[in-house]
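Please open the model in your viewer and keep the sequence panel beside it. The stops below say what to select and what is to be found there.

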Amino acid sequence: MRKVTVFAACLLFIPACSTDLSSQGFTVRQVSLAAAEKCLFLGPVAGSEYFGWSIAGDAQSALNKVRNTVAQRGGNAFVLTQTVSDIDGTVSHADAYKCP
């Protein structure tokens, strides 16, 4: 019984915590490359999430990290350049922009 309890307790700590959008990240939007031509380029950003409850949850959390990072840099938009998802997690790369 003790082994089952320890195993169950360990399972609670294995999944990664998902990232919520900050209030600033909530205002960041994804734009097309064409729309970004009118914006100031701030640099590349990335977000990743591993070992969450689902692939979709990992993908959403990775995009939340991208949005939060764009907001921290003073941006309000991003162009998604690459997203890779598999059973282990998701990594998203984007370019951050400040748009009018």
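Begin with the cysteines, since in this predicted model the count of disulfides comes to one. Select Cys39 and Cys99 and show their side chains: these two residues form the disulfide, and their sulfur atoms lie 2.0 Å apart. Cys39 sits in the loop between helix H2 (33–36) and strand E2 (40–50), while Cys99 belongs to the segment after strand E4 (89–98), so the pair ties together parts that are 60 residues apart in sequence. If you look along the bond, the torsion about S-S is about 105 degrees, so the disulfide of Cys39 and Cys99 is right-handed. With a surface switched on, keep in mind that Cys39 and Cys99 are both buried.

Now step back and colour the protein by secondary structure, which comes to three helices and four strands. Following the chain along the sequence, you should meet these elements in the pattern α-β-α-β-α-β-β. Of the contacts between residues at least 6 apart in sequence, 68% join residues at least 24 apart.

Next, select helix H3 (residues 55–72) and find Ser61 within it. Is Ser61 buried or exposed? Its relative accessible area is 1%, and because buried means under 20%, Ser61 counts as buried. Leaving aside residues up to four places away in sequence, Ser61 touches Cys17, Ser18, Thr19 and Glu49. Draw a distance from the side chain of Ser61 to the backbone nitrogen of Thr19, and it should read 2.8 Å. A second distance, between the C-alpha atoms of Ser61 and Cys17, comes to 8.8 Å, although these residues are 44 apart along the chain.

Stay on helix H3 and select Asp58, which also lies there. Which side chain of opposite charge is nearest to Asp58? It is that of Lys65, 8.5 Å away, and Asp58, though buried, has no salt bridge. Show the surroundings of Asp58 and, again not counting residues up to four places away in sequence, you will find that it touches Glu49, Tyr50, Phe51 and Gly52, together with Asp88, Gly89 and Thr90. Glu49 can be kept selected as a link between the two stops on this helix, since it appears among the contacts of Ser61 and among those of Asp58.

Finish with the surface of the whole protein, which exposes about 6500 Å², with carbon and sulfur atoms supplying 63% of that area. Buried residues make up 33% of the 100 residues in the protein, and Ser61 is one of those visited on this tour.

Terms used: Residues numbered from 1 in each chain as written. Predicted model: local features only at pLDDT ≥ 70, side-chain atom pairs only at ≥ 80, totals over all residues. Heavy atoms only, no water. Helix = DSSP H or I, 4+ residues; strand = E, 2+ residues; numbered from the N terminus. Buried < 20%, exposed > 50% of the residue type's maximum accessible area, 1.4 Å probe, protein only. Contact = heavy atoms within 4.5 Å. Areas by Shrake-Rupley, 256 points an atom, 1.4 Å probe, with all protein chains shown as cover. Polar contact = N/O pair within 3.5 Å; in protein donor to acceptor, adjacent residues only side chain to side chain. Disulfide = S-S within 2.5 Å. Lys, Arg positive; Asp, Glu negative; His and termini not counted. Salt bridge = Lys/Arg side-chain N within 4 Å of Asp/Glu carboxyl O.
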